[in-house]
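Here's a quick tour of a ligand site. Take a look at the model first, then we'll go through the contacts.

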Amino acid sequence: MRINKYLAECGVASRRACDTLIREGKVLVNGKRANLGDDVSEKDMVVVNGTEVAHKLSHSYFLMNKPKGYVCTVKDDKDRKTVMELLPEGAGRVYPIGRLDYDTEGMLLFTDDGDLAFRLTHPKNEIPKTYLVRIEGVIGDNELNRLRSGVELDGKRTNKAKVKVIETDKKFTKLHVTINEGKNRQVRRMFECVGKQVDFLKRIRIGDLGLGSLPRGKVRKLTQDEIYYLMNL
Ligand code: URA
């Protein structure tokens, strides 16, 4: 594989930025200065700025539009359907990064890259996740501001949230809610705190990476740019 593509896939930088590193002589392959256009494989020792590049090529990364009615575990003790059943054959030993409730749908990532999964789920990294939320009836400014500034869950205040009404009539209100934590059933419980019941919940974005038009229940591979983006989030 071309060295710039290899470096980008290993999460070093974008392909173009890798070209610059190569031109500047900051990349060594098996101890020798690399040139643009060189080919490398996982057997080669590739060093960038004095640090050996971790091989990531053997990892897999998928994006699923999870339907409601599936649990995010590998095996369910109540014998409910699991998201693993929706993965394509040959997906390998991937597992979901984080969880969505049984009744929640939307964007769910899968990988066998433990480093990335750890980074994306570690609370200290505060990765923003955006949800489409539907509640019955209308919601007032007071409730919206309470959601935005944080409500008390499990004896602790939630972080600030972005909350935006996108559609409302007397029957339903739809909102976009962005939180950077992942407490159990957090969005549903935040709305319960302000006296509102969530009747539809869908994750539509992780960072700036969107679910797009992937149909419900379908899975696709992440592109190299998307993998690179997540590795640097
Ligand atoms: N918040 C929830 O309430 N449920 C989810 O599945 C994700 C976030």
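A polar contact here is a pair of N or O atoms within 3.5 Å. By that yardstick, an oxygen atom of the ligand pairs up with a backbone N or O atom of R188 at 3.0 Å. This is a predicted model, where local features need pLDDT of at least 70, side-chain atom pairs count only at pLDDT 80 or more, and totals for linings use all residues. Residues are numbered from 1 along each chain as its sequence is written, and side-chain values use heavy atoms, with hydrogens and water left out.

**Polar contacts**
- The side chain of D101 puts an N or O atom 2.7 Å from a nitrogen atom of the ligand.
- A polar backbone atom of Q186 is 3.4 Å from a ligand oxygen atom.

**Who's around the ligand**
- The shell (residues with a heavy atom within 4 Å) is made up of L100, D101, T104, Y131, R185, Q186, V187, R188 and L201.
- Helix α5 (residues 186–193) chips in the largest share, 3 residues; helices are DSSP runs (H or I) of at least four residues, numbered from the N terminus.

**Where it sits**
- Domain 2 (61–123 + 211–231) and domain 3 (128–206) both give residues to this shell, so the ligand lies between them; the domain bounds come from an automatic or database assignment.

Key:
A polar contact is a pair of N or O atoms within 3.5 Å; within protein, one must be able to donate a hydrogen and the other to accept it, and residues adjacent in sequence count only if both atoms are side-chain atoms. Helices (H or I, at least four residues) and strands (E, at least two) are DSSP runs, numbered from the N terminus.
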